[in-house]
Amino acid sequence: MHSAPAPFDELDRKIITALMANARTSFAEIGTAVGLSSTAVKRRVDRLRETGVITGFTATVEPSALGWRTEAYVEVYCEGAAPPRRLAEVVRNHPEITAAMTVTGGADALLHVRARDVEHFEEVLERIRVEPFIRKTISVMVLSHLLPDSPEAGATQPAPAASPE
């Protein structure tokens with residue numbers, strides 16, 4: 001279980017909002033916007049990191065620049081009740097799976113998959129399906145992103161390694 005993050009005030013919220021918009025914004029720029037010195041902003045950011053409110057900083061990258069030209073969501077249906085811990089072990093073995101979560105409804109899990117092309121995606125799907133507790137999968141290919149600035153439209157991992165030929 002996750003512990004509840006430490007409480008934070010409105011200035012912290014404004015700092016977090018500025019960092020979410022652009023993590024490279026300087027503490028001086030944020031300070032000017034929220035009415036604090038750059039030193040005070042740094043202290044607050046350090047505290048927010050120490051308490052787990054801010055968990056890291058990342059770059060958003062155009063997936064096609066990394067070789068990811070195909071994207072899909074895959075519903076996973078398991079035999080019986082597959083524990084989330086076991087599903088997590090499986091998805092960690094597939095670098096093409098960029099996000100995975102257990103879900104309500106008919107499916108047991110939902111995977112976000114990026115691949116070089118349709119053939120690569122099919123190979124990833126085949127590797128997922130060989131797991132003995134996976135009964136079936138249903139895939140939905142992404143055609144375009146309606147919110148291109150959303151985190152889902154970007155990538156935060158290196159491109160999948162080329163499969164051996």
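Two strands count as paired when DSSP finds at least two bridges between them. With that in hand, the sheet of this predicted model is a good place to start. Met-101 stands opposite Leu-110, a residue of strand S3. The strand on the other side of that match is S2, residues 97-102, and S2 pairs with S3 in the antiparallel sense over five bridges. Together S2 and S3 make a hairpin, with six residues between the two strands. In the turn sits Gly-105, whose phi is positive, at about 100 degrees.

S3 has another partner too. Seven bridges tie S1 to S3, and this pair also runs antiparallel. Ala-72 faces Val-113 of S3, while Tyr-73 has His-112 as its bridge partner in S3. Strands of a sheet pair through backbone hydrogen bonds, in either a parallel or an antiparallel way. Here the whole sheet is open, has four strands in the order S2-S3-S1-S4, and uses antiparallel pairing. S2 and strand S4 (134-141) sit at the edges with a single partner strand each, so one side of each has no neighbour in the sheet. From one strand to the next, the twist averages 20 degrees.

Two helices lie over this sheet. H4 goes across S1, S2 and S3, and runs at about 170 degrees to S2. H5 goes across S1, S2, S3 and S4, at about 160 degrees to S4.

How enclosed is S3? Six of its seven residues are buried, so the strand is largely enclosed by the rest of the structure. His-112 is a residue of this strand, and its relative accessibility is 6%; buried means under 20%, so His-112 counts as buried. Leaving aside residues up to four places away in sequence, His-112 touches Glu-71, Ala-72 and Tyr-73, along with Glu-96, Ile-97, Thr-98, Ala-99 and Glu-152.

Next comes the nonpolar interior. The largest nonpolar core has 19 residues, and those with the most contacts inside it are Val-74, Val-76, Leu-111, Val-113, Phe-121 and Phe-133. Strand S1 (70-78), helix H4 (84-92), strand S3 (109-115) and helix H5 (118-129) each put at least two residues into this core. Apart from it there is another core, made of nine residues, including Leu-19, Val-34, Leu-48 and Ile-54. Back in the largest core, Val-76 is worth a closer look. Not counting residues up to four places away in sequence, Val-76 touches Ala-107, Asp-108, Ala-109, Leu-111, Ile-134, Lys-136 and Thr-137.

Is any space left inside, and where? Rolling a probe the size of a water molecule over the atoms shows where empty space remains. Searching the whole structure turns up one cavity of 30 Å³ or more. The largest cavity holds about 40 Å³ of space. Val-76 is part of its lining, together with Leu-87, Val-90, Val-91, Ile-97, Ala-109, Leu-111, Ile-128 and Ile-134. H4 and S3 each supply at least two of the lining residues, and H4 gives the largest share, with three residues. Val-76 and Leu-111 thus turn up in both places: they rank among the residues with the most contacts inside the largest core, and they line the largest cavity.

Conventions: Residues numbered from 1 in each chain as written. Predicted model: local features only at pLDDT ≥ 70, side-chain atom pairs only at ≥ 80, totals over all residues. Heavy atoms only, no water. Core = buried A, V, L, I, M, F, W, Y, C linked by side-chain atoms within 4.5 Å. Buried < 20%, exposed > 50% of the residue type's maximum accessible area, 1.4 Å probe, protein only. Contact = heavy atoms within 4.5 Å. Axes fitted to C-alpha atoms, helices over the stretch in contact; angles between N-to-C directions. 1 Å grid on protein atoms, 1.4 Å probe; cavity = no way out; pocket = protein on both sides within 12 Å on 5 of 7 lines; lining within 4 Å. Points joined across faces, edges and corners; volume = space filled by probe spheres on them.
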